[in-house]
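User: I'd like to go through this model and check the labels people put on it. Can you take my questions one at a time?

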Amino acid sequence: MRRWLLLALLGLLACSDKGSGLRDGGGFVLPDGGFPDAAFPDAAPVDAGPYVCNPACTSGEVCGCVGEPVPSCGCRAAGTYAAPCDPLHPETCAAPFSCQPGRVNDETVHRCTDGREGSACSKASQVCSTALGCVCLTNPVGITDCTCLETVAPDAMLCDSMVPASCPNGACLRQEGARGEAWWFCSHGAPGDPCEVNNDICQTTLGCTCPLIAGQERCLCSEPATEGLPCDLTVLGACVDPLMCVLERNFERGDRTVCSSGGNPLDGGFNDECDPQDPSTCPPAWLCLRMSGRFTCVPP
């Protein structure tokens with residue numbers, strides 16, 4: 001079920017406003033994967049140095065600027081676990097906590113931490129005291145969170161490519177949305193899980209196939225599909241008999257290949273191969289084009 005939920009989300013993203021510009025985790029996550037967050041460009045101090053409190057703080061208080069996105073500067077009590085802090089004023093965290101960067105809801109923050117389970121963290125700071133260290137997960141809408149983790153659930157959907165143990169008994173594979181937004185999915189080779197043709201981890205009858213979903217090829221571990229589900233035009237037996245794998249054209253949402261009980265030209269579907277040298281092998285005015293590895297009739 002979680003795999004088809006992923007497919008539904010992919011379709012929803014492709015149908016959303018094309019001007020929304022989904023982010024790929026900001027500067028925290030590169031489209032090609034990895035989490036080079038050492039620079040924290042959106043967290044750099046804007047002033048020339050540490051804030052100076054005037055008048056000076058009284059005994060029991062410390063000076064600093066804390067909070068995001070607009071910090072509040074002045075005298076305050078030193079913070080304890082998970083309290084916001086000022087990296088230019090380490091004393092804004094009471095011992096034994098230290099002021100460390102982290103990623104929360106796709107924003108860079110600074111928090112007092114001792115590296116315990118559940119702490120916000122960063123790949124740039126080795127503060128975690130947990131077995132897996134700092135694990136950064138980016139969801140399909142581009143939101144990144146980094147957390148100190150001891151373990152992950154066996155059926156976890158998201159993973160960190162830099163932490164293999166975040167995808168136990170599976171493969172952490174890069175996924176990309178319609179506008180280039182990227183995330184990492186934990187694939188166990190089950191039906192509907194992402195896969196790679198050259199590194200087939202699938203435990204399914206058809207192996208790794210690549211149906212067209214919202215205008216893009218998506219490689220998935222596949223079983224013969226039923227009515228309306230994605231299929232690969234180039235794979236024999238991609239659909240349960242007597243269904244056929246057809247192309248449904250949609251210029252707004254993107255073309256897709258699905259299993260259908262017919263290839264009615266009126267609904268934009270087709271299921272027949274054609275001969276590019278023989279126009280009669282396609283309906284009148286249709287084109288015989290090479291798609292997904294074979295020549296197929298395409299409506300005008």
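Analyst: Sure, starting with a definition: a disulfide is a pair of cysteine sulfur atoms within 2.5 Å. This is a predicted model, where local features need pLDDT of at least 70, side-chain atom pairs count only at pLDDT 80 or more, and totals for chains, interfaces and linings use all residues. Residues are numbered from 1 along each chain as its sequence is written, and side-chain values use heavy atoms, with hydrogens and water left out.

User: What makes Cys 159 and Cys 172 a disulfide?

Analyst: Their sulfur atoms sit 2.1 Å apart, and the cut-off is within 2.5 Å, so the pair qualifies. The link between Cys 159 and Cys 172 is right-handed, with 100 degrees about the S-S bond. It connects distant parts of the chain: Cys 159 is in the loop between β6 (144-149) and β7 (171-176), while Cys 172 is in strand β7, 13 residues apart. Strands here (E, at least two residues) and helices (H or I, at least four) are DSSP runs, numbered from the N terminus.

User: How many disulfides does that rule give?

Analyst: The count comes to 15 disulfides.

User: Why is Cys 159 called buried?

Analyst: Buried means under 20% relative accessible area, exposed means over 50%, and partly exposed is in between (1.4 Å probe, protein chains only). Cys 159 has 1% relative accessibility, so it counts as buried.

User: What does the disulfide of Cys 195 and Cys 208 tie together?

Analyst: First the bond itself: Cys 195 is joined to Cys 208 with an S to S distance of 2.0 Å. Cys 195 lies in the loop between β8 (182-187) and β9 (207-209) and Cys 208 in strand β9, so the pair ties together parts 13 residues apart in sequence. The link of Cys 195 and Cys 208 is right-handed, at 85 degrees about the S-S bond, and both cysteines are buried.

User: Is the disulfide of Cys 239 and Cys 259 left-handed or right-handed, and how do you know?

Analyst: The torsion about the S-S bond of Cys 239 and Cys 259 is about -95 degrees, so this disulfide is left-handed. The sulfur atoms of Cys 239 and Cys 259 are 2.0 Å apart. Cys 239 lies in the loop between β12 (220-222) and β13 (244-248) and Cys 259 in strand β14 (residues 256-260), so the pair ties together parts that are 20 residues apart in sequence. Cys 239 is buried because its relative accessible area is 7%, and Cys 259 is buried because its value is 1%.

User: What makes Thr 257 buried, and what does its side chain reach?

Analyst: Thr 257 lies in strand β14. Its relative accessible area is 3%, so Thr 257 is buried. The side chain of Thr 257 reaches the backbone nitrogen of Leu 212 at 2.8 Å and the backbone oxygen of Cys 231 at 2.6 Å. Leaving out residues up to four places away in sequence, Thr 257 touches several residues, including Pro 211, Leu 229 and Val 246; a contact means heavy atoms within 4.5 Å.

User: Why is Asp 275 called partly exposed?

Analyst: Asp 275 has 34% relative accessibility, so it counts as partly exposed. The place of Asp 275 is in the loop between β14 and β15 (287-291). Not counting residues up to four places away in sequence, Asp 275 touches Thr 281 and Cys 288. The C-alpha atoms of Asp 275 and Phe 295 are separated by 6.9 Å, with their positions 20 residues apart along the chain.

User: How do you know that strand β1 is mostly covered?

Analyst: In strand β1 (residues 62-66), 5 of its 5 residues are buried. That holds for both faces: Val 62, Gly 64 and Val 66 are buried on one side, and Cys 63 and Cys 65 on the other. In a regular strand the side chains alternate between the two faces of the sheet.

User: Which strand is joined to β1, and how many bridges are there?

Analyst: Strand β2 (residues 72-76) is joined to β1 by 5 bridges, and they run antiparallel. Two strands pair if DSSP finds at least two bridges between them, so β1 and β2 qualify with 5. Val 62 stands opposite Arg 76 in β2, and Gly 67 in the hairpin takes a positive phi near 105 degrees.

User: Where is pLDDT under 50?

Analyst: pLDDT is the predictor's confidence in each residue, from 0 to 100. It stays under 50 over residues 10-46, and is below 50 over residues 264-271 too. Where pLDDT is low, the predicted coordinates should not be read in detail. The protein chain averages a pLDDT of 80, and 76% of the residues score at least 70.

Notes:
A polar contact is a pair of N or O atoms within 3.5 Å; within protein, one must be able to donate a hydrogen and the other to accept it, and residues adjacent in sequence count only if both atoms are side-chain atoms.
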